[in-house]
Amino acid sequence: MRRVGGSSAISPALLGAILLGTTQLLWGGSFWATEVAARHTEPGMIAFLRTGIALVALVALVAVGYGRWPRGRREWAWVVATGLLMNVVFYLGFSEGVPRAGGGNGAVLANSVPLWVLLISWLVLRERATLAGIAGLLVGFAGCVVMVVPQLGGTGDTGELVLGCLLCLAAALGWGIGTLMLARLLSKEPEIDMLGFTTAQFAVGVPIIAIVAFAVDGAAGTNWGSEQLWGPIVFLSLGGSAIATVCFFAALRYTSPTTASSWLFLGPVIGVLIEIARGNTPDAIVGVGMALAILGVALVNLAPRLAAARGPTPATADEPA
């Protein structure tokens, strides 16, 4: 994959912000696309179709020379580990968990990724976090909770609710742990080609997702001839899965996993803005949540600069490893 050279006029921080902003625009649009697709197929089948088509597109790009496959057993070991977490666990956990837990519960748990990244960085990697960074994550998460307050609650079946919450939590942990693993790998081997690496991840995950999707949901619940199914699926595949994932992974070269994950709080904000554009005006409290989410992300991104202004300190979870 072509990379920006060292002489680029774009600063690493700005480049990271551009990549993460692109990611969140695409992920934010995925809420609406998933809602539409779910009217014509089952949750597990959405996970299979979006990752399967994404895999085909990414393989085509690698085949024509825009990326290279991972090399050596060590690199492939990282591919398998992160692919299982960030493809199988994340996509299946989210797709199967949200319908069971409810949209509000699922959104809250799915958006807990930055908190898990911070906690694991502190407990396992022994990285310190700045007060501004912690405050930003808490404010941002609070914003996500406030945005979905009207949807919070049970689904009527306690067993399904618990299972759904556990699946959404597993999805968040899978993405969070995978993010930390990738950040650590890139800090040691910065020349890894992320397009090829991402393609290999999908190659590992898609067969497993397919088996689970057909075993749990089957093909009978999908209206394969519906035009309203394939438009959202193509967007989810090429935009929400292929492009967004590559951009997020590439951003880990330029920012810390905590900072990169904090941008996930903007996904629901984009989703709400799309609903407003469609004529669905939310309650005023949703606007408060949007403002908190944006403020939280701003605080997390400003945290390293605030720490630098106070003088040299030990490495923190808000700074690249």
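Trainee: How far apart are the end C-alpha atoms of helix α1 (residues 12-37), and what span should its 26 residues have?
Mentor: Helices here are DSSP runs of H or I, at least four residues long, numbered from the N terminus. The expected span is 1.5 Å times one less than the number of residues, so α1 should span 38 Å. That agrees with the end C-alpha atoms, which are 37 Å apart, against the expected 38 Å.

Trainee: What kind of model is this, and how are residues numbered?
Mentor: This is a predicted model, in which local features need pLDDT of at least 70 and side-chain atom pairs pLDDT 80 or more, while totals for chains, interfaces and linings use all residues. Side-chain values use heavy atoms, without hydrogens or water, and each chain's residues are numbered along its sequence from 1.

Trainee: On which residue is the kink in α1 centred?
Mentor: The bend at a residue is the angle between axes fitted to the seven residues ending there and the seven starting there. In α1 that kink is about 30 degrees, and its centre is F31.

Trainee: Where does α3 bend?
Mentor: Helix α3 covers residues 72-101. Its bend is about 35 degrees, at G83.

Trainee: Is T130 buried or exposed?
Mentor: T130 sits in the loop between α5 and α6 (131-147). Its relative accessible area is 8%. Buried means under 20%, exposed over 50%, and partly exposed in between, with a 1.4 Å probe and protein chains only. T130 is therefore buried.

Trainee: How far is the backbone nitrogen of G133 from a polar atom of the T130 side chain?
Mentor: T130 is in the loop between α5 and α6. From its side-chain polar atom to the backbone nitrogen of G133 is 3.0 Å.

Definitions and conventions: Helices (H or I, at least four residues) and strands (E, at least two) are DSSP runs, numbered from the N terminus. A polar contact is a pair of N or O atoms within 3.5 Å; within protein, one must be able to donate a hydrogen and the other to accept it, and residues adjacent in sequence count only if both atoms are side-chain atoms.
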